[in-house]
Amino acid sequence: MRRFKDLDRFEVLCWVFTLAAILFLAGPVAGLLLSVDPDFFAHDARDPEIWRSLKITVFSGFASSMLGLVTGLPLAWVLSTSSVRVRNTIEPLIEIPILLPPVIAGICLVSFLSEKSIVGGIFSRLGIEFISSVWGIVAGMYFVGVPFIVKTSLSAFQEIDHRIIRTARLLGAGSARAFFTIVLPHSSRAILTGFILMLGRSIGIFGTVVMIAYEPKTVPVLVYHRFVSMGIEAAKTPAVLLIGLSLLFFAMRRLTVRGS
Amino acid sequence: MQDRLRSDSGRLHHAGLTTLIFSLLGGLILLFVVAPLLGMVLHCPAEDLAKAAADPAVTESIWLTLWTSMAATMIFAVSAVPLSYLLARKQFPLKGIVTGIIDLPVVIPHSAAGIALLGLISRGSLLGDLSDNLGFHFIGGPAGIMLAMAYVSLPFLINAARDGFSAVPERLEKAALNLGASPARVFFTISMPLAWRSILSGMILMFARGMSEFGAVVIVTYHPMITPVLIYERFGAFGLRYARPVSVIFVAVSLAVFVFLRFLGRKSVNAQSQ
Amino acid sequence: MLKVSDLCKSFSGFSLKKASFEVAEGELFVMLGPSGVGKTVLLECLAGLERVDSGSITLDGKNITCAPIQERSIGLVYQDQALFPHLTVWENLAYGLKVRGHSAETIRSKIDDIAEKVGVGALLGRRTDTLSGGEAQRVALGRTMAVSPRCLLLDEPISSLDARSRSEMRRLIRELNRAGQTIIHVTHDFDEALSLASRIAFMEDGRVVQTGPPDEVFRHPQSEFVASFIGLRNFFRGVLEPGEGTRYFISGSIRLSVVTDAEPGNGVATLSAEEVVLSAERPAGSARNVFPGRVIDVAAVRGGIEIVLDVGTELTARISNESMNEMKISCGCELWASFKATAVKFHPG
């Protein structure tokens, strides 16, 4: 029934702009994937340097995201039960790491965690150095990623009918028990989404991590390092691996969202 | 009865403990999120700040960052707004894939995005050669910076504008069509004004994202330096003491710009609705 | 003037199936049907806001089935008014005129005219979110009237209003119609239809099942659907036997005595629920129709109680609250129902 001449000129113009925008967004990634020589990629991907940084990245990503769960969920729960005024003051603070330019977040963290600072000094005495170490990478990833877990789980907690929790309490469950048996299972999907979001953010973060630790190199740093020292062709292998990894997380997130 | 009371008070005590632990854990995060920023600002001596503020390299890079991000937002809004409108209103094949593509730049790490973009516009690529022949260079100039900024920040505008258009009741557009307005006129007199608030906040968001971008820009265009690149370089070459004042100034300037934009935005929204 | 034939449009949840009807110049044509049978979609098809799957729409002899919205001259007023929230009342009224490129002078005088006609002269500078339901409806009506449509479509313009605004709105619609405006009015409220319509059309399941002047539709419902819609509870389809004076009408397992001069053959018989008399014993009176039955439903309605009896088919009686209390009727009771042969109305067809 729909014929082409039915399309209004304005609508055609809209489609042209839309097509341009989609090309702009999809083109670079598609171009990158197409420009990679499979033989070179297969050979280069076996480079131990790449494997080392992949391991570091995935390990630190999971470590920081787990840490994010352990600390972020209690904060979200406390916020969801606290008064509106408290929540409204604290919620914007949680956004700071998202709003802060990554490089500046890096600068902040370096001065906060270096052994000359108070906090860094304490950890240094315990034998934990942050600058140029996996600890620092985990700290940087945690900083830029934890808001995602707090935000997604906070909105899920706020949606829970508080009568259910009260009923559980009336049935004799302590508040810790109510939290673990009622609140967490009810929000499991949102929490999982937050976890995957944080994981994706942690693994991809460059600006913050490069300030804290150029060495050991995470994959995003390796991409930059190879680009600067060996040129764009050499940077493509880790870049493709990184894109593949993040697309995997993206697909997982879409699946969890669709499931709800 | 006695037992009951005791167990009740025991439970209360227990509840208090859980809340206490939770609050402590939560407080730790808050501390970790807020303290580094505060520390940076407090640790920055006034004389360093003054010196950095007087440094033309710093002021020039801040100015460059502001205008490139603003220009990128304006230019790309022209295609992003129609796209959001179509996404909000029309059903078309492969719509799921299109929404996935829109989120792509948010998902992929920025240094990888930089490599991908550079591959597209570098010398020897189709687009790069084409623009070189036209005497126009992406790499090493503001155009490259804008491209990189727009690439990583466009999705924020698209998503905000799409939500804005979705919130406009379709009935209003139909009523306007019924009164004889052409689709273009309906778009400009009904849909756009009603979605304006969302579009504007999407543009501010995109602008902010573009300004703070480092990973993609540093790969596409190191020179001229936008402020995040400048901070990176000063940190690498001279150390924390030289990077800190620039960071503080940049954060302060961005904050001031956003407060100003919000203020302007509120005024324009009020003007729209009057 | 407006002719719709075999209009089909499938939509999620419901569909129009070969809807056909015709509206004459100056008519106030009321479409009656329960909510969710596609009345709004039908109007949107007429206005060109929805594409039809098949069928045709002609206005003044011109086929406008596929004509662009702007060239149709069919105005639509939505139930929820759809006023533009970012514009004032005046700007809302002016929207269609500005689109048409009239001069500022013409627009101003036209709006003054329209505002007086629909009674919103005092509201012109107001924001639309400060209007009451009735005021908003008047503005919406005025906005559409301003572009002088050949045919005005009203989608449930009254049902969302309070009682006082309702009667004012009805008066306004009648006035517009008296001034020569052709109106198609859609509603699910039978009383509203009766008070306004010069002709009524019933919509059932995406089809127009009966059209006619209100009194005719009321007297001769052609389907159980229409009968139940206009509040007629007893509706039988069957065959009238030949004979003189009191004759028999056979419907399923029951046989009704009817007084009619109609030709024998297929038809429908209707019976008002008030005419049915209930009694605990077999009645001794002169009623020709007497049936034993069991009560299967008791429901309170305005001004009494409706009792549904199973007499081989369902038969509904309406009795007063007093007799209800006297007879102590409850579900499962065995009762006798009786009514006069003259109470049964036969309509051939």
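**Exercise 1. Two residues with an unusual phi**

Task: Is Asp60(C) buried, partly exposed or exposed, and what is its relative accessible area?

Solution: Asp60(C) has a relative accessible area of 45%. Buried means under 20% and exposed means over 50%, so Asp60(C) counts as partly exposed. Keep in mind that you're looking at a predicted model.

Next, find the spot in the chain. Asp60(C) sits in the loop that runs between strand E4 (54–59) and strand E5 (62–63) of chain C. Now check the backbone: phi of Asp60(C) is positive, about 50°, even though the residue is not a glycine. Here's the background you need: most residues other than glycine have a negative phi.

Now try the same steps on Ser132(A). Its phi is near 55°, again a positive value in a residue other than glycine. Ser132(A) belongs to the loop between helix H6 (118–125) and helix H7 (134–159) of chain A. With 43% relative accessibility, Ser132(A) is partly exposed.

**Exercise 2. Hunting for cis peptide bonds**

Task: Which residues does a cis peptide bond join in chain B, and what is omega there?

Solution: Start from the general rule that most peptide bonds are trans. In chain B, look at His223(B) and Pro224(B): the bond joining them is cis, and omega is about -10°. Pro224(B) is in the loop between helix H10 (215–220) and H11 of chain B.

Then move over to chain A. The bond from Glu215(A) to Pro216(A) is cis too, with omega near -15°. As for where that is, Pro216(A) lies in a loop, between helix H11 (207–212) and helix H12 (219–230) of chain A.

**Exercise 3. Helices packing in chain B**

Task: At what angle do the axes of helix H7 (residues 142–167) and helix H9 (residues 183–212) of chain B cross, and how are the two helices oriented to each other?

Solution: Two packed helices are described by the angle and the distance between their axes. For H7(B) and H9(B), the axes come within 7 Å and cross at roughly 150°. Angles over 145 degrees count as roughly antiparallel, so that is how H7(B) and H9(B) run relative to each other. The crossing of H7(B) past H9(B) is right-handed. Sort the contact residues by class and you get 16 nonpolar, 6 polar and 1 charged.

H9(B) has another partner, helix H8 (residues 170–178) of chain B; these axes are 10 Å apart, at an angle of about 145°. This crossing is right-handed as well. On the H8(B) side you'll find Leu172(B), Glu173(B), Ala176(B) and Leu177(B), which meet residues of H9(B) including Val186(B) and Leu194(B). That contact splits into 7 nonpolar, 1 polar and 1 charged residues.

One more pair: helix H3 (residues 56–89) and helix H11 (residues 227–238) of chain B have axes that come within 8 Å and cross at roughly 145°. Among the residues that meet here are Val58(B) and Ile62(B) from H3(B), and Pro228(B) and Leu230(B) from H11(B). The tally for H3(B) with H11(B) is 5 nonpolar, 3 polar and 1 charged.

**Exercise 4. Where chain C meets chain B**

Task: How many residues of chain C are in contact with chain B, and about how much area do the two chains bury between them?

Solution: First count residues: 27 from chain C are in contact with 21 from chain B. Then turn to area, since the size of an interface is often given as the accessible area lost when the parts come together. Chain C and chain B bury about 2000 Å² between them, with 59% of it on carbon and sulfur atoms. On the chain C side, Gln70(C), His86(C) and Tyr95(C) lose the most area to chain B, together 31% of what that side buries.

**Exercise 5. One residue and its neighbours**

Task: Where in chain C does Ala341(C) lie, and which residues does it touch?

Solution: Ala341(C) is in the loop between strand E19 (334–339) and strand E20 (345–348) of chain C. Its relative accessibility is 7%, so Ala341(C) counts as buried. Leaving out residues up to four places away in sequence, Ala341(C) touches Thr246(C), Ser257(C), Val258(C), Val259(C), Arg288(C) and Asn289(C).

**Exercise 6. Chain A and chain C in numbers**

Task: How many helices and strands does chain A have, and how many does chain C have?

Solution: Chain A has 13 helices and 0 strands, while chain C has 9 helices and 20 strands. Of the 260 residues in chain A, 54% are buried; for the 349 residues in chain C, the figure is 51%.

Key
Residues numbered from 1 in each chain as written. Chains lettered and ligands numbered in written order. Predicted model: local features only at pLDDT ≥ 70, side-chain atom pairs only at ≥ 80, totals over all residues. Heavy atoms only, no water. Helix = DSSP H or I, 4+ residues; strand = E, 2+ residues; numbered from the N terminus. Buried < 20%, exposed > 50% of the residue type's maximum accessible area, 1.4 Å probe, protein only. Contact = heavy atoms within 4.5 Å. Axes fitted to C-alpha atoms, helices over the stretch in contact; angles between N-to-C directions. Parallel < 35°, antiparallel > 145°, perpendicular 65-115°, else oblique. Left-handed = near helix turned anticlockwise from the far one by under 90°. Nonpolar A, V, L, I, M, F, W, Y, C, P; charged D, E, K, R; others polar. Buried area = accessible area lost by both parts, 1.4 Å probe.
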